[in-house]
Structures are given as structure tokens and as C-alpha cells.
Amino acid sequence: MQRNLIQFEQALHPGCDDGASPDNFADRLIKIGKDPLLAKSIDVLQVNLGCRCNLACKHCHVQAGPLRTEMMAREDIKAVIHILAGSPIKILDLTGGAPELHPDFRFLVTTARAIGCHVMVRSNLAIFFEQDPAEWPDFYKENVVEIIASLPCYNAVNVDAVRGSGVFMQCIQALKLLNERGYGRADGRLKVHLVHNPSGPFLPPPQELLEARYRKELLENFGVGFNCLYTMTNMPLGRFKDSLIKSGRLEVYLGELQKAFNPATLDGIMCRRQVSVGWDGTLADCDFNLAAGIALKKDCPSNVRDFDYEMLCRRQIVVSEHCFGCTASQGSSCTGAVAGGLPALKCAFSVVQSS
Ligand code: SF4
Ligand code: SF4
């Protein structure tokens, strides 16, 4: 089963390359006349509440785990609320680590809801089983929280290999609890989306095709449903980068991302419409730049307590080599693919073969 999915992923070599030789991302933007890369707006405030997590996944770009202790300070949480209350930003996207492990998590969610914000939480779902399993689903339903949950595959072998033994079945149980509360219905207001990461240094398959496969497998085998599947490219950062270095595949992977560079993704990459706040209050263009220690450009405010909406809406985005991860092929963002136009027939053929 694992081999089948890997073949499925490897079938995708989309040929979006513009013929340029491998280079750095900033040079690539200059070559295609897209430098400087500017923000378009700020629709979403993404907040990383800390590095503590109940899991320690192999692909984790922030190297989160049970032994990490970093957490956002109460003063910075208040600064986040202040921004939401006093600016046009009305979408709060909470991530971590496991955001639920922050002691102020419930306070932040309920306060953001009370001031009219939509709240999205990036939950690993396994966190439900650290306490009464009904507590988080009930809380999420009560606050109409949109859930985005990592599930790298639709079978236990592949998921447990990346996330730890038994995690897949915990995710299935969690999805059942959410479905029972109305999450995952096509016409419902309670949304739970799944996130697929490839099992190795490959690009994800086309999102629509893989979503259909996930839907069929999860419904037929476990009776669970979800709203959308988001495919995300593994970023050459954190634990995934370490594993690439150890296996001697970092340069090859970076070369693959560069070859698959697709200029059509540049409008949809998340840094154009959001700002990220790190657990220590640092502002960055995205969670990946935060993980890489790359702050906003020098002329921008550097800390959440100095947030300036108008200025940040016009900022120049700081790019680095991992930006090729967001712009390869169909693109990759916190809400999945950002561009279409892929070799669907080739991938569809692989899906049929692996059925
Ligand atoms: S990928 Fe998510 S669930 Fe896994 S260790 Fe990192 S933060 Fe935790
Ligand atoms: S990593 Fe992605 S989201 Fe972040 S700055 Fe680069 S292109 Fe934008």
C-alpha cells in the first residue's frame, strides 16, 4: 500500500519549469519580472502558539514535540486580540505545535469569536485523546471552529510511519466524533479539512484526484467524511530537511522543486494575504519563514505588539530557497494547492493502477 502511494506521488513531474537553471528564489523572481514580491492584503492572521506537541512527526517543519516548552506569552495573546478587534483582519488561523496545548487557547478562540472573527485551528486530532475525547469536538462545535487536520495518507501504515504508532486510528476516531457533531457535511457550516503531505521527497499528486481517493477510502473503510483535502508540499525545513541531509537527498529535492517552479502559483501563495506571528511575538511572512528564523523585511514592525496593518499590507515579502516548495507544480499553501493545469491523465492512470 505504501509503495502504491509513493508510485502515485512519483508519477507527478509536472514540467512547469521555465527552462532556467537551478538558482535561488530571488533570482528566479527577477528572471520572470516578479521581483519584488509584494503582499496584496492581510486577510488572515496566522498565530503559532508554541512548539509543544503531543506528537513528534517526521515531516514537522517546526520540530515540535512533547519535550518542547516554548509558548506564546499572555501579553502577546492580548496583542493578537487587539489586532483582530481593531483591524479589518477577521480570520484567525491557529497553529503550533498542538495549539490546544496552550493554556490560553480556549480564551483566545472564544474571545476571537466574540469579536466576530472566523477561527481556524490546525489540529493533529490525536490531541483529542489526551483528555475526555468529547471535550475538543464539543468546544469546536460550540465555537464553529474550522478544523484543518493533518492526515498524510488514508491508511494506517503510512500515517503511523510518519506520526507514530496508533495515530492513524486516533485520527479516524476523532473524525467520527466530529462527524457525529455535524462536521464534514458538504452543505454544513462545520468544516473539517484534511492535509496530505507526500511520504518522501516527492511532489504531492493533483489535489482533486487525491481528494476523491481519500473520500472513497475513508468512507468505505471507516465510515468517516470530511470537507476538503489540501495537498501540501514537504518544505525543506526542520525535521524533513534533517532527514534529507541524512539521506543525502537535499540537493536532489531542492533541484526537483526548482524544476517544477510554476509562476502561476505566485498570486495564490499564502504570504501575499497573511502575516504570521511566532510564539515569541515575532512577525514573519509565513510559518515557514518563522521556522527558518526569517523575520519581516527591516522596514516593517518586527513584533506583534507593534503591528501596523496598513504598512504590512504593502510590505515586500522576504523570500528564500524554501519558497520553491510553495511554488512547485500546483503550488502549496495552508489551504492546499494554489494553481491547476497538471498532467491529470498521467496521475489518473497511477490512481487506477494502485486501486
Ligand atoms: S507536524 Fe503538527 S502534529 Fe506533527 S509534531 Fe509537528 S506540530 Fe505536532
Ligand atoms: S515560504 Fe511560501 S509563503 Fe513563505 S514567503 Fe516563501 S513563498 Fe511565501
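**Figure 1. The surroundings of ligand 1 in the predicted model.** Ligand 1 is surrounded by Cys53, Leu55, Ala56, Cys57, Cys60, Val62, Ala64, Gly96, Gly97, Ala98, Asn124 and Ser150, where a residue counts as near a molecule if its C-beta atom, placed from the backbone, lies within 6 Å of it. This is a predicted model, in which local features need pLDDT of at least 70 and side-chain atom pairs count only at pLDDT 80 or more, while totals for chains, interfaces and linings use all residues. Residues are numbered from 1 along each chain as its sequence is written, and chains are lettered from A and ligands numbered from 1 in the order in which they are written. Eight nonpolar and four polar residues make up the shell around ligand 1, which has no charged residues; in this grouping Ala, Val, Leu, Ile, Met, Phe, Trp, Tyr, Cys and Pro are nonpolar, Asp, Glu, Lys and Arg are charged, and the others, Gly among them, are polar. Gly96 and Gly97, both in the shell around ligand 1, are joined by a cis peptide bond with omega about 25 degrees, and glycine 97 lies in the loop between β2 and α4 (105-114).

**Figure 2. The surroundings of ligand 2.** The shell around ligand 2 consists of Ile269, Met270, Cys271, Asp285, Cys286, Phe288, Asn289, Ile317, Val319, His322, Cys323 and Cys326. Two helices, α11 (287-291) and α13 (323-327), each contribute at least two residues to the shell around ligand 2, helices (H or I, at least four residues) and strands (E, at least two) being DSSP runs numbered from the N terminus. Nine residues of the shell around ligand 2 are nonpolar, two are polar and one is charged.

**Figure 3. The open sheet of eight strands.** The chain has 14 helices and eight strands, and the eight strands form an open sheet with mixed pairing, in the order β6-β5-β4-β3-β2-β1-β7-β8. Because β6 (229-231) and β8 (283-284) stand at the edges with a single partner strand each, one side of each is left without a neighbour in the sheet. Strands of a sheet pair through backbone hydrogen bonds, either parallel or antiparallel, and two strands are taken as paired if DSSP finds at least two bridges between them. Strands β3 (residues 118-123) and β4 (residues 146-150) run parallel and are joined by four bridges, with methionine 120 of β3 opposite glutamate 146 in β4.

**Figure 4. Strand β1 and its two parallel neighbours.** Strand β1 (residues 44-48) is mostly covered, since five of its five residues are buried, a residue being buried if 20 or more other C-beta atoms, placed from the backbone, lie within 10 Å of its own, exposed if 12 or fewer do, and partly exposed in between. Val44, Gln46 and Asn48 point one way from β1 while Leu45 and Val47 point the other way. Five bridges link β1 in parallel to strand β2 (residues 91-95), and four bridges link β1 in parallel to strand β7 (residues 274-277). Valine 44 stands opposite isoleucine 91 in β2, and its bridge partner in β7 is glutamine 274. Together with helix α3 (residues 74-86), β1 and β2 make a right-handed β-α-β unit, which means that, with the strands pointing away from the viewer, the path from the first strand over the helix to the second runs clockwise.

**Figure 5. The largest nonpolar core, with valine 80.** The largest nonpolar core has 98 residues, and Leu45, Val80, Val119, Ile147, Ala149 and Cys171 have the most contacts inside it; such a core is a set of buried Ala, Val, Leu, Ile, Met, Phe, Trp, Tyr and Cys residues joined through C-beta atoms within 7 Å. Helix α7 (residues 167-180) supplies the largest share of this core, six residues. Leaving aside residues up to four places away in sequence, valine 80 touches Leu45, Val47, Leu108, Val277 and Val304, contact being defined by C-beta atoms, placed from the backbone, within 7 Å.

**Figure 6. Loop residues aspartate 43, proline 36, glutamine 63 and valine 144.** Aspartate 43, in the loop between α2 (25-31) and β1, is partly exposed because it has 16 C-beta neighbours inside 10 Å. Apart from residues up to four places away in sequence, aspartate 43 touches Ile89, Ile91, Arg273 and Gln274. Proline 36 also lies in the loop between α2 and β1, and the peptide bond leading to proline 36 from aspartate 35 is cis, with omega near 0 degrees. Glutamine 63, in the loop between β1 and α3, has a positive phi of about 55 degrees although it is not a glycine. Valine 144, in the loop between α5 (135-142) and β4, also has a positive phi, near 50 degrees, and counts as exposed because it has 12 C-beta neighbours inside 10 Å.

Terms used. Contact = placed C-beta atoms within 7 Å.
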